[in-house]
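Please look through the sequence and the model below before reading on. The paragraphs that follow begin with the meaning of a term, pass to the chain as a whole, and then turn to single elements and residues.

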Amino acid sequence: MKLVLFDIDGTLVLTGGAGLRAMNKACEQILGHGEILDGIPVAGRTDRIILQDALRRIGRDLDTVLFADLRARYLLWLEREIQLPGRGTKGVMPGVRELLQNLHSREDAFLGLLTGNFEGGARIKLGHFGLWDFFRCGAFGDDAADRNELVPFAVSRVRATGLPEPKPSDVLVVGDTPHDVACALAAGATPVGVATGGFSVQQLRASGADIVFEDLRETAAFTALLE
């Protein structure tokens with residue numbers, strides 16, 4: 001069995017900037033600083049490290065209490081912002097729903113998430129688009145600030161479902177940024193790039209992904225990776 005771990009933003013869905021708006025509003029309410037995330041890179045990074053960078057700008061540390069408060073307020077705002085049209089593209093990425101339905105029906109694939117989103121944020125985003133129930137577990141931005149540490153969290157949760165621990169070579173990490181590629185390589189897993197975010201096929205190959213798709217409409221080619 002292959003463990004297939006999917007990133008969310010830019011790989012499965014686009015939210016029209018709902019996450020960024022919600023994070024800025026949470027920081028404004030609690031810290032008094034609006035638009036605090038402007039200019040901070042977010043693609044492929046964990047929510048925790050994004051908050052750390054934002055607070056460093058204003059000379060604050062992300063201690064345990066502040067982290068919990070910001071996360072809770074962010075999730076409340078995200079519930080509202082995800083309902084709005086937002087800016088730019090919003091929706092499920094091409095081919096995603098069909099691919100997930102195909103993989104979910106197979107006995108040789110176990111679907112999980114590997115995302116920088118907080119678990120609550122992942123649930124809100126994917127639930128909004130009707131995709132949450134495809135995934136049995138995952139690793140999230142709550143687990144570690146460093147994305148490269150997330151694959152072991154996902155593997156341990158697979159074990160907790162009663163399945164044997166997969167070999168690193170049987171773990172596929174699917175994502176749209178070099179950060180996704182790097183976290184797969186750090187764990188000895190196989191990175192699968194998808195050029196539906198801000199990085200091209202060539203850029204994802206250059207970051208270390210031997211397998212890269214233009215988008216996830218290539219269902220037959222993707223499922224061939226399981227065989």
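A residue is called buried here when its relative accessible area is under 20%, exposed when that value is over 50%, and partly exposed in between. With that cut-off in hand, one can read the model, which is a predicted one.

Taken as a whole, the protein contains nine helices and eight strands, and its C-alpha trace extends over about 55 × 35 × 35 Å along the principal axes. For 227 residues a compact globule would be expected to have a radius of gyration near 17 Å, and because the protein has 17 Å, the two agree. Buried residues account for 50% of the 227 residues, and of the contacts with a separation of 6 or more, 63% are made by residues 24 or more positions apart. The surface that the protein exposes comes to about 10,100 Å², with carbon and sulfur atoms supplying 49% of it. As for charge, there are 24 positive and 30 negative side chains, and the centres of these two sets lie 3 Å apart.

Helix H7, residues 178-186, is a good place to apply the cut-off, since Asp-180, Val-181, Cys-183 and Ala-184 are buried in it. These residues lie on the same side of H7, because the arc they cover around the axis is only 165°. In general, an α-helix has 3.6 residues a turn, so residues three or four places apart point the same way. The cover over the buried residues of H7 includes strands S4 (109-114), S6 (171-175) and S7 (190-194), together with helices H6 (150-160) and H8 (201-206). After H7 comes Gly-188, which has a positive phi, near 75°.

Strand S4, one of the elements that cover H7, leads on to another part of the model, for Thr-115 sits in the loop between S4 and helix H5 (119-128). Is Thr-115 buried or exposed? Its relative accessibility is 1%, and therefore Thr-115 counts as buried. Leaving out residues up to four places away in sequence, Thr-115 touches Asp-7, Ile-8, Ala-122, Ala-139, Phe-140, Gly-141, Arg-147 and Leu-150. One of these partners, Ala-122, is itself among the buried residues of H5, where Gly-121, Ile-124, Lys-125 and Leu-126 are also buried. Strand S2 (13-15), helix H3 (64-81) and S4 are included in what covers the buried residues of H5, and just after this helix Gly-130 adopts a positive phi of about 75°.

Further along the chain, Phe-213 belongs to strand S8, which comprises residues 211-213. With a relative accessibility of 6%, Phe-213 falls under the cut-off and so counts as buried. Not counting residues up to four places away in sequence, Phe-213 is in touch with Val-192, Gly-193, Val-194, Ala-195, Val-201, Glu-218, Ala-221, Phe-222 and Leu-225. By contrast with these contacts, Pro-85 is 128 residues away from Phe-213 in sequence and 28 Å away in space, C-alpha to C-alpha.

A last residue to inspect is Asp-53 in helix H2, residues 47-57. Its relative accessible area is 19%, and because the cut-off is under 20%, Asp-53 counts as buried. Apart from neighbours within four places in sequence, Asp-53 is in contact with Ile-40 and Arg-45.

Notes: Residues numbered from 1 in each chain as written. Predicted model: local features only at pLDDT ≥ 70, side-chain atom pairs only at ≥ 80, totals over all residues. Heavy atoms only, no water. Helix = DSSP H or I, 4+ residues; strand = E, 2+ residues; numbered from the N terminus. Rg over C-alpha atoms; globule rule 2.2 N^0.38 Å. Buried < 20%, exposed > 50% of the residue type's maximum accessible area, 1.4 Å probe, protein only. Contact = heavy atoms within 4.5 Å. Areas by Shrake-Rupley, 256 points an atom, 1.4 Å probe, with all protein chains shown as cover. Lys, Arg positive; Asp, Glu negative; His and termini not counted. Charge placed at Lys NZ, Arg CZ, Asp CG, Glu CD. Arc of directions from axis to C-beta.
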